[in-house]
Amino acid sequence: MIIAANFKSNLTLQKIKNYFSVLDSFVNGNDDVYVFPPFFAMQEKAKNFHIGVQNAYCEFNGAFSGEITLESLNDFGIKNILIGHSERRNIFGENQELCARKFDFFAQNNFSIFYCIGESLETRKKGKSAIEDFLSSQFDRIDVDYEKLIVAYEPVWAIGTGVSAKIEEIEETHNFLRTLTKRPLLYGGSVQLQNISDILKIKNVDGALIGSASLDVENFKKMIEVARGKK
Ligand code: PGA
């Protein structure tokens, strides 16, 4: 099971330092844990879990004001990245073409890529084939066989709302995604301590990407505990 935390734009450097030291002594070699803190915490180190970046631009360095590029990530030894998160797509206007360019660049540089996809409520309401067409379109120009690809299915309407997708909805969608790629499939969108056990039991769910519920380290530790012993 892969358990990943996306802090988004939360916490302070001091809080993250404390969080990392508590988490690092809790996680062990059998866990597969990733944490994506804001960029200012990139220089923090962990022995037992992986640190990744939530976003970066697909160049080595250059005139890209406000962006982080490969040279800085190399400096911090970061080899994990989220690409295509719905907040990047919807708030910052990243289109599929940019997501695919980022994917190619970071794949060429041997990053583990957590590639996020997910439909809006409007699409969900249109039914199965609309959902499948939409999700397929989010794989345009994406190498679904890339050996360091991890897919995160995060329905936009379930992110940060406290209302996760239903078990049957996750199951049906992950079964479809399994026909598109053999790589690990995470579910994300209001995963909490109360529902993580049921979510991780679903066929073709290989882990979870957790936002709000990961911000408290004690809560996140309990979620990792639930993941232990599953599959
Ligand atoms: P959430 O966020 O757990 O707060 O819904 C998940 C995500 O956006 O990765």
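## Helix α4 and what it packs against

In this predicted model, the buried residues of helix α4 pack against quite a list of elements: α2 (70-76), β4 (80-83), α3 (86-90), β5 (112-117), α6 (128-137) and β6 (149-153). Which residues of α4 are buried? They are Gln96, Leu98, Cys99, Ala100, Lys102, Phe103, Phe105, Phe106 and Ala107.

The helix itself covers residues 96-108, 13 residues in total. From first C-alpha to last, α4 reaches 18 Å, close to the 18 Å expected at 1.5 Å a residue. Just after α4 comes Asn110, which takes a positive phi of about 65°.

## The nonpolar cores

Helix α4 turns up again once we look at the largest nonpolar core, a set of 67 residues. Leu23, Phe106, Ile113, Tyr115 and Phe220 are the ones with the most contacts inside this core. Which element gives the largest share of this core? That's α4, with seven residues.

Take Ile113 from that group. If we leave aside its neighbours within four places in sequence, Ile113 is in contact with Phe103, Phe106 and Ala107, and also with Ile81, Ile83, Tyr146, Lys148, Leu149 and Ile150. Apart from this core lies another one, of eleven residues, and Ile2, Phe114, Cys116 and Leu186 are among them.

## Around the ligand

How many residues surround the ligand? There are 13, and the closest are Lys8, His85, Glu154, Gly160 and Ser212.

Three of these come with side-chain distances worth a look. An oxygen atom of the ligand is 2.4 Å from an N or O atom in the side chain of Ser212. For Lys8, the distance from a ligand oxygen to a side-chain N or O atom is 2.7 Å, and for Glu154 the matching value is 2.7 Å. As for cover, the ligand has 280 Å² of accessible area on its own, and the protein covers 98% of that.

## Lys230, after α9

Now for the segment after α9 (217-227), where Lys230 is found. Is Lys230 buried or exposed? Its relative accessible area is 18%, and buried means under 20%, so Lys230 counts as buried.

What is Lys230 in contact with? Leaving aside neighbours within four places in sequence, the list is Met1, Ser197, Leu200 and Lys201. Phe7 sits 223 residues from Lys230 along the chain, and the C-alpha atoms of the two are separated by 24 Å.

Terms used
Residues are numbered from 1 along each chain as its sequence is written. This is a predicted model: local features need pLDDT of at least 70, side-chain atom pairs count only at pLDDT 80 or more; totals for chains, interfaces and linings use all residues. Side-chain values use heavy atoms; hydrogens and water are left out. Helices (H or I, at least four residues) and strands (E, at least two) are DSSP runs, numbered from the N terminus. The expected span of a helix is 1.5 Å times one less than its number of residues. Buried means under 20% relative accessible area, exposed over 50%, partly exposed in between (1.4 Å probe, protein chains only). Contact means heavy atoms within 4.5 Å. A residue is near a molecule or strand if one of its heavy atoms lies within 4 Å of it. A polar contact is a pair of N or O atoms within 3.5 Å; within protein, one must be able to donate a hydrogen and the other to accept it, and residues adjacent in sequence count only if both atoms are side-chain atoms. Accessible areas come from the Shrake-Rupley method with a 1.4 Å probe; for residues, only the protein chains shown count as cover. A nonpolar core is a set of buried Ala, Val, Leu, Ile, Met, Phe, Trp, Tyr and Cys residues joined through side-chain atoms within 4.5 Å.
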